[in-house]
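Q: I'm new to this one, so please pick a single part and walk me through it closely. After that, show me what else is worth a look, in plain words.

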Amino acid sequence: MPVFDVNKVRSDFPILGTHVHGKPLIYADNAASTQKPQQVMDSISDLYSNHYANIHRGVHYLSQKSTALYEGARETVKNFIHAKKIEEIIFVRGTTEGINLIASSYLEPLLKAGDEILLSEMEHHSNIIPWQLTAERTGAILTIIPLLENGELNLSVLPTLLSSRVRLVAVTQMSNSLGTLNDISRIIELAHQQSIPVLIDGAQSIAHMAIDVQKLDCDFFVFSGHKIYGPTGIGALYAKEKHLLNMRPYQGGGDMILSVSFEKTEYNDIPYKFEAGTPNIEGAIGMATALDYVSDLTIEAIAEYEQELLAYATKIFTAIEGLHIIGTAPHKGSIISFVLDGIHPHDVGTVMDMEGVAVRTGHHCTQPVMEHYHIPATTRVSLSFYNTFEEIDDIAKAITKVKELMG
Ligand code: PMP
C-alpha cells in the first residue's frame, strides 16, 4: 500500500514523461543524480525573474531580497539535517568539495608523519582521494575498515583500527555501489570514545532517510543537492561550530573577509569565512526548494515506500537465473547492483537503454569495492520514490531481454 500517491508525485517531474528509443523512460539511475520537480525549476526561474542580484554586499532592494532567500536556504538546510546553528552550514559545490574542504582546512594542519586517517573499503573515490592527497603532503597514512562478503563493514575490527594515531574517521552512511546502510551511530560512538572526530559522507543517504546531525553527534556531514532532487553544483557541509572556529580558510576571495590590507587580512565570521567569492545563489535556493519538497512528502514516507520497492526488486531480480546481486547487507537503501553470468555490464546497460531503462554500469567510482569482489563493474539499479512496482517488472523484463540477446 503506497504511503503517498506515486502518480501525483510523478506528475511533478516533467522529465519522467520522456520516451527513449520509442519506449517510456524508466529512470533507475537515481544514485548518480536525481530528476528535478517542477517546484525546483520554478523557484530558480522565480529568482531570476523577480528577485535576483548579487548577495551580501548590496544595500539595494534586490540584493537584500536575494540575500534573504540565500540565507533562508541556509536555514532550510540547517532544519533539514537538524543542525544546532546556521553558522554550522557551509554552502559548497557538492559532497566532493565539502570533503576536500575538511581535508585541507581541518585535517591537514593537524597531521604529522605516521598519523592515520581511517576510511572504509566501500568509500566513493570522493571520500578517498582528498585524504590521499592530504596524506601525501604530510606523511600520514590511510587505514581501512574492511568489507564483509555481504557488503557490510566488518565493525568487529573497528576498536583495533581506532588507534591513538587516528586523527579522523571518514565513512559513508550509504554505499553508492552496494546500497549498504552503515551503522554510523556505532562508528561515531566508538571513535568518540577515543576522541577521534568523524566525517559522514551523506551523498547517498540524504535522499533516503532522516538525518539528525545532533543526534548522530558526527563532527562533519556532507551532501550534494543534485542527489536530493535539487540542482547540480551545490551542496552543503555541516561542521560542528567548535571545529569551524579553529579552521583555516579553504579559499581566499571576496565575502570571506572583514578587512583587507596588503599586510594582513582579517577573516569574516563563520560560515562566510568558508564561502569565498560569489556563491551559487540559485543553486542554494533551488536546493532548499528540493529539501522543502522532500519534507512535504516526509522523508519517513519516502523511506517506507523505497524499502518496499527495494524488497520487491530484490525478490524479482533474485529469481532471474544467472543474476547475482552484489551487496546483500540486511540494511540497505534502494540500490541493487548486479552482475549477469557471461555478459559485460556495459552490454547490459546498452541493451537496457534500448528498452527505455536508464541504469548505470561501471565501477561507480568505487574501484576498491570492485577489486574486493574481483569484478570490473556492475549494473546498478537505483530507485527513488517516483519509481513504481510496474517499472521494476519492466526492468526485470529488460534484463531477460539482455540475456536473450547477449547470453
Ligand atoms: N560519495 C558518494 C557515496 C557518492 O555516491 C557520490 C556521488 N556519486 C559522491 C560522494 C560525490 O558526490 P558529488 O559528485 O556530488 O560531489
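A: **A close look at one helix**

Let's begin with α4, where the buried residues are Thr95, Glu97, Gly98, Ile99, Leu101, Ile102, Ala103, Ser104, Ser105, Tyr106 and Leu107. That makes 11 buried residues out of 13, so α4 is mostly covered. Keep in mind that you're looking at a predicted model.

Now, what does this helix do for the largest pocket? Helix α4, which covers residues 95-107, gives the most to the lining of that pocket, with 3 residues. The pocket itself has a volume of about 390 Å³. It is lined by 25 residues, and the closest to its centre are Thr96, His124, Ser126, His226 and Lys227. Thr96 falls inside the stretch 95-107, the range of α4.

If you sort the lining by class, you get 13 polar residues, 6 nonpolar ones and 6 charged ones. Two domains take part here: domain 1 (6-28 + 298-406) and domain 2 (52-296) each supply at least three residues to the lining.

Next, the charged pairs. Side chains of opposite charge can pair when their charged atoms come close. Searching the whole structure turns up 18 salt bridges. One of them pairs arginine 380 with aspartate 29, with 3.6 Å between the closest N and O atoms. These two partners sit 351 residues apart in the chain: arginine 380 belongs to strand β17 (residues 378-382), while aspartate 29 lies in the loop between β3 (26-27) and α2 (38-51). Are they buried or exposed? Arginine 380 has a relative accessible area of just 2%, so it counts as buried. Aspartate 29 comes out at 6%, which also makes it buried, since the cut-off is under 20%.

For a pair within one helix, try glutamate 71 and arginine 74, whose side chains meet in a salt bridge at 2.8 Å, N to O. Both belong to helix α3 (residues 61-80), and because they are 3 residues apart there, about one helical turn separates them. Glutamate 71 and arginine 74 are both buried.

Then there's aspartate 219 with lysine 240, a salt bridge at 3.8 Å, N to O. This pair is 21 residues apart and links two loops: aspartate 219 is between α8 (213-216) and β9 (220-224), and lysine 240 is between β10 (235-239) and α9 (241-244). At 3% relative accessibility aspartate 219 counts as buried, and so does lysine 240 at 14%. Salt bridges can also share partners, and in this way Lys23, Glu355 and Lys401 are joined into one network.

A quick word on cysteines: how many disulfides are there? The count comes to 0. Cysteine 218 is buried, at a relative accessible area of 0%, whereas cysteine 365 is partly exposed, at 32%.

Last stop, methionine 352, which you'll find in helix α12 (residues 345-354). With 0% relative accessibility, methionine 352 counts as buried. Pick out lysine 397 too: the two are 45 residues apart in sequence, and their C-alpha atoms are 9.4 Å apart in space.

Technical notes: Residues numbered from 1 in each chain as written. Predicted model: local features only at pLDDT ≥ 70, side-chain atom pairs only at ≥ 80, totals over all residues. Heavy atoms only, no water. 1 Å grid on protein atoms, 1.4 Å probe; cavity = no way out; pocket = protein on both sides within 12 Å on 5 of 7 lines; lining within 4 Å. Points joined across faces, edges and corners; volume = space filled by probe spheres on them. Helix = DSSP H or I, 4+ residues; strand = E, 2+ residues; numbered from the N terminus. Nonpolar A, V, L, I, M, F, W, Y, C, P; charged D, E, K, R; others polar. Domains from an automatic or database assignment. Salt bridge = Lys/Arg side-chain N within 4 Å of Asp/Glu carboxyl O. Buried < 20%, exposed > 50% of the residue type's maximum accessible area, 1.4 Å probe, protein only. Disulfide = S-S within 2.5 Å.
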